[in-house]
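Work through the exercises below with the sequence and the structure side by side. Try each task before reading its solution.

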Amino acid sequence: MPSGGYRAGAGRPKKSATEKVLEGNLGKRKIEVVDFSDAEELPATPAKWLSDKGKEMYKFVYEWLQKIGCLKGILPCHLEEYAHCKSRWLECEEQNSRIGLIVKDQHGNPAPSPFVGLAHNYLKQANDAWAKIYAVVRETKLKEWDDSNPNDDVMEKLLGGK
């Protein structure tokens, strides 16, 4: 009769999450610090393929990045993706405002507007692209935490060891 194998509760007890965080290097990998000092700056002119709203959004975010001094380390494709998705989201929202959230189908019955789903998808893509941009901003410019800034999350400060 076999009696070996896994037994619940057997073995060394697992460390709690707080112990892991206090140790610092959770993955036990060599920590590599990325230096953005030799990185190229973000181009000031938006790509030609962007729509007018997309170019306007690109310039707006570029000016903000320039104001905080964080033009290095951000890939141009991330800013272009953000500007493109955000401008498409604005177009869908304009259509939702113009025709409403419920439309009639070919039989005259009420149906949800297709622009609602499109707007949701574009907003999700824009938020994903913004997360890529803001991750670089957070790592390069927000070394000192500002308690008056709502973007400086307290849990992120604790878990990041900053």
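The exercises treat a predicted model and move from its core to its charged side chains.

**Exercise 1. The core**

Task: Find which residues of the largest nonpolar core touch the most other members, and which helices supply the core.

Solution.
- Step 1. The largest nonpolar core has 20 residues. Leu42, Leu65, Ile74 and Tyr82 touch the most other members.
- Step 2. Now assign helices. H2 (52–68), H3 (76–99) and H4 (114–141) each supply at least two residues of this core. H4 gives the most, with six residues.
- Step 3. Take Leu42 and set aside its neighbours within four places in sequence. Leu42 is then in contact with Tyr58, Tyr62, Leu65, Leu71, Ile74, Leu75, Pro76 and Leu79.
- Step 4. Place this in context. In soluble globular proteins, nonpolar side chains tend to be buried together.

**Exercise 2. The two sides of H2**

Task: Check the length of H2 against the expected span, then sort out its buried residues and the exposed residues on the face turned away from them.

Solution.
- Step 1. H2 has 17 residues. From first C-alpha to last, H2 reaches 25 Å, close to the 24 Å expected at 1.5 Å a residue.
- Step 2. List the buried residues, using the cut-off of under 20% relative accessible area. In H2 they are Gly54, Met57, Tyr58, Val61, Tyr62 and Leu65.
- Step 3. Look down the helix axis. The buried residues of H2 fall within an arc of 135 degrees, so they line one face of the helix.
- Step 4. Turn to the face directed away from the buried side. There H2 carries the exposed residues Asp52, Glu56, Phe60, Glu63 and Lys67.
- Step 5. Check what follows the helix. Just after H2, Gly69 takes a positive phi of about 75 degrees.

**Exercise 3. The salt bridges**

Task: Locate the salt bridges of the whole structure and say which helices they involve.

Solution.
- Step 1. Count them. The search finds three.
- Step 2. Start with Lys53 and Glu94, whose closest N and O atoms are 2.5 Å apart. Lys53 lies in H2 and Glu94 in H3, so this pair ties together parts that are 41 residues apart in sequence. Lys53 is partly exposed at 26% relative accessible area, and Glu94 is partly exposed at 46%.
- Step 3. Go on to Glu81 and Lys132, which meet at 3.7 Å, N to O. This pair links distant parts of the chain, with Glu81 in H3 and Lys132 in H4, 51 residues apart. Both ends count as partly exposed: Glu81 at 29% and Lys132 at 37%.
- Step 4. Finish with Asp128 and Lys124, at 3.4 Å between the closest N and O atoms. Both lie in H4, four residues apart, about one turn of the helix. Asp128 is partly exposed at 41%, as is Lys124 at 48%.

**Exercise 4. A lysine without a partner**

Task: Describe the surroundings of Lys86, and find how far away the nearest side chain of opposite charge is.

Solution.
- Step 1. Place the residue. Lys86 lies in H3.
- Step 2. Check burial and pairing. Lys86 is buried yet has no salt bridge.
- Step 3. Find the nearest side chain of opposite charge. That is Glu93, 10.0 Å away. A salt bridge requires a nitrogen and a carboxyl oxygen within 4 Å.
- Step 4. List the contacts, not counting residues up to four places away in sequence. Lys86 touches Met57, Leu123 and Ala126. Met57 is also one of the buried residues of H2.

Note on methods: Residues numbered from 1 in each chain as written. Predicted model: local features only at pLDDT ≥ 70, side-chain atom pairs only at ≥ 80, totals over all residues. Heavy atoms only, no water. Core = buried A, V, L, I, M, F, W, Y, C linked by side-chain atoms within 4.5 Å. Buried < 20%, exposed > 50% of the residue type's maximum accessible area, 1.4 Å probe, protein only. Contact = heavy atoms within 4.5 Å. Expected span 1.5 Å × (residues − 1). Arc of directions from axis to C-beta. Lys, Arg positive; Asp, Glu negative; His and termini not counted.
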